[in-house]
Amino acid sequence: MTWKEVTLINCTETGRDALGNPTCEESAGSIYPARFTPWDAQDIALEGREVTVNRRKLLVRVPRTEFPECRKIQFEGEVYQVMQITDLSPRFTLLYVKKYGR
């Protein structure tokens, strides 16, 4: 498997809407090497097959301590929502992501 670039999508708060909810503007942020990792039998047993169809695991080659907070990423031309971040010290961060809009 080859490493490809993942782009973090930053959300900068620009104000508030009529209901008082924060509004934000999205912009491209940091870029790191990353690659998808396969689901194993234990993951499928815990999550279920239907969940693993729309969700992926993304291994990012940067320690969790250096990985900035983000809600979305762009990888291979698709936008994904970050569901969970796991520390795989000392060299990697594992992201559980879901295709955005699904």
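So, let's start at proline 90, which sits in the loop between S5 and S6. One thing to keep in mind as you look at it: this is a predicted model.

Is proline 90 buried or exposed? It counts as exposed, because its relative accessibility is 66% and the cut-off for exposed is over 50%. Now look for proline 63. The two prolines are 27 residues apart along the chain, yet their C-alpha atoms are separated by 5.8 Å.

Okay, on to the strands on either side of that loop. S5 and S6 are joined by a hairpin, and three residues make the connection. S5 covers residues 78–88 and S6 covers residues 92–99. The two run antiparallel, with eight bridges joining them. If you want to find a couple of those pairs on screen, try leucine 88, whose bridge partner in S6 is phenylalanine 92. Then go to threonine 86, which has leucine 94 as its bridge partner in S6.

And a bit of background here: strands in a sheet pair through hydrogen bonds of the backbone, and that pairing can be parallel or antiparallel.

Let's go over to S4, residues 72–75. How many bridges join S4 to S5? Four, and this pair is antiparallel too. For a landmark, lysine 72 stands opposite glutamine 81 in S5. S4 and S5 also form a hairpin, this one with two residues between the strands. Have a look at glutamate 76 in that turn, where phi is positive, at about 55°.

Right, let's zoom out. Walking from the N terminus, the elements go β-β-α-α-β-β-β-β. That gives you two helices and six strands in the protein chain.

What do the six strands close into? A barrel, with antiparallel pairing, in the order S1-S2-S3-S6-S5-S4. On average, neighbouring strands of this sheet are turned by 40° against each other, ignoring direction. You can spot our two hairpins in that order, with S5 joined to S6 through three residues and S4 forming a hairpin with S5.

A few whole-chain numbers before I stop. There are 102 residues in the protein chain, and 29% of them are buried. Take the contacts with a separation of 6 or more: residues 24 or more positions apart account for 53% of those. As for the surface, the chain exposes about 6700 Å², with carbon and sulfur atoms supplying 47% of that area.

Methods: Residues are numbered from 1 along each chain as its sequence is written. This is a predicted model: local features need pLDDT of at least 70, side-chain atom pairs count only at pLDDT 80 or more; totals for chains, interfaces and linings use all residues. Side-chain values use heavy atoms; hydrogens and water are left out. Buried means under 20% relative accessible area, exposed over 50%, partly exposed in between (1.4 Å probe, protein chains only). Contact means heavy atoms within 4.5 Å. Accessible areas come from the Shrake-Rupley method with a 1.4 Å probe; for residues, only the protein chains shown count as cover. Two strands pair if DSSP finds at least two bridges between them. Axes are lines fitted to C-alpha atoms, for helices over the stretch in contact, and angles run from 0 to 180 degrees between N-to-C directions.
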